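Q: Please take a close look at the ligand site in this structure and at the parts of the chain around it. I would like one connected account with the distances and cut-offs given.

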Amino acid sequence: MENELIDRYGRKLDYLRLSVTDRCNFRCYYCMPEEGMDFVQRKALLTYEELDYLTGIFVKLGVTKIRITGGEPFVRKGIMDFFTKLRQHQDLREITLTSNGSISEDQIQQLKHLGIKKINISLDALDKQRFFEITRRDKFDEVFHCILTLLKQGFYVKLNCVVDGNKNIADIIPFVQLTADYPLAVRFLEEMPFNGTGKFEIPEWNHLALYDYIASHFPEIQKIQDGKNSTSVNYQIPGYQGTFGIIPAFSRTFCGTCNRIRLSATGELRTCLYGPPVTNLRDILRAGANEESIITEIRNAVAKKEKDGFKAEELNSKTPKKSMSFLGG
Ligand code: SAM
């Protein structure tokens, strides 16, 4: 179809993950080293005008949903004006965002005003000390307050919790219990090899282990319907307000229904998190390419999308894995 992005396996890519910065005010161990992060220079980042222009092209190509991510989107100056701009793309049905909870009350009000309803917040522990060990920042209270404010203001909030056998197993059951009283969707993620250090161990707490552990504590666990392109396999404890899900982010069992394409803050276009960038739209744009050439470039990238994250990773085997903050989570 003229205005759709369909890959050679028949998957329609209509969901853009757009990173607006590689910088972050947290230092989560699974995402980046504690010190020595080499953040890119400002001029290497796509400007808001460029981000908006490229978004417009993706929308013309059938993208209907966008997730703003990073780095931490709320550390980039002018982010609220950018959201306002994005709102003007008529065919963009959904604008969502992922944050570590560094959103002020004023910004929450503005997001509400803009009609942004769905927000994912990263939270890997309900225990303050473990939160600190994971994020290397003493910010639990602020993040939890942000979550409660979002709920109070009627946002649909998902919590992303990366599970590690040495770090936060003690938080898993409390997270499920949290869904008793709050209409949250907690999602437990397998850790992926994007911590920017070059070191990684295959997660023992994979999706199967996670399910068994939770089911052994909650025998009444019920499977609920997953969304069409959902990466999480979702459950609920009967009578609880919220739900929870497990995301096999490392096991990659969901690639068959993948509808995502990613643009990093420096313009790298990826059709899979595990694969190398297929092209750099910033460079092409700054070299003076017109809309038609950019569309051709995007279509060519989509045509090469690999069957799954394992195949994509094979193309990337010689390059050290980058920080998720740079890739755009
Ligand atoms: N700063 C925002 C945040 O903290 O949510 C957005 C960017 S962050 C890179 C996006 C998501 O990627 C977060 O939910 C985070 O937990 C997840 N993430 C980062 N590194 C990961 C890794 N190595 N494995 C699994 N998930 C990871």
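A: The account below starts at the ligand, follows one residue of its surroundings outward, and ends with two further residues.

The model is predicted, so local features are given only where pLDDT is at least 70 and side-chain atom pairs only at pLDDT 80 or more, while totals for chains, interfaces and linings use all residues. Residues are numbered from 1 along each chain as its sequence is written, and side-chain values use heavy atoms, with hydrogens and water left out.

The shell around the ligand has 19 residues, and Tyr30, Gly71, Glu72, Ser122 and Met192 come nearest; a residue is near if one of its heavy atoms lies within 4 Å. By class, the shell holds 7 nonpolar, 9 polar and 3 charged residues. Here Ala, Val, Leu, Ile, Met, Phe, Trp, Tyr, Cys and Pro count as nonpolar, Asp, Glu, Lys and Arg as charged, and the others, Gly among them, as polar.

Backbone atoms supply several polar contacts to the ligand, a polar contact being a pair of N or O atoms within 3.5 Å; within protein, one atom must be able to donate a hydrogen and the other to accept it, and residues adjacent in sequence count only if both atoms are side-chain atoms. A polar backbone atom of Met192 is 2.8 Å from a nitrogen atom of the ligand. A backbone N or O atom of Gly71 is 3.0 Å from a ligand nitrogen, and one of Ser99 is 3.3 Å from a ligand oxygen. The ligand taken alone exposes 540 Å², of which the protein buries 95%; accessible areas come from the Shrake-Rupley method with a 1.4 Å probe, and for residues only the protein chains shown count as cover. Strands S3 (94–99), S5 (156–163) and S6 (185–190) each give two or more residues to the shell. Helices (H or I, at least four residues) and strands (E, at least two) are DSSP runs numbered from the N terminus.

Ser99 lies in strand S3. Its relative accessible area is 2%, so Ser99 is buried (buried means under 20%, exposed over 50%, partly exposed in between, with a 1.4 Å probe and protein chains only). Beyond its neighbours within four places in sequence, Ser99 is in contact with Glu72, Phe74, Asn120, Ile121 and Ser122, contact meaning heavy atoms within 4.5 Å. The side chains of Ser99 and Glu72 form a polar contact of 2.9 Å. The Ser99 side chain also reaches the backbone nitrogen of Gly101 at 2.9 Å.

Strand S3 also belongs to the cover over the buried residues of helix H3, together with helix H2 (79–86), strand S4 (118–122) and helix H5 (140–152). In H3 (residues 105–113) the buried residues are Gln107, Ile108 and Leu111. They lie on the same side of H3, because they cover an arc of only 105° around the axis, taken from the directions from the helix axis to the C-beta atoms. Asp106 and His113 are exposed on the other side of H3. Just after the helix, Gly115 takes a positive phi of about 80°.

Two further residues complete the picture. Thr69, in strand S2 (residues 65–69), is buried at 3% relative accessible area. Thr69 touches Leu18, Ser19, Val20, Thr21, Thr98, Gly328 and Gly329, leaving out residues up to four places away in sequence. Asp52 is in helix H1 (residues 48–60) and counts as buried at 16% relative accessibility. The side chain of Asp52 makes a polar contact of 2.7 Å with the side chain of His89.
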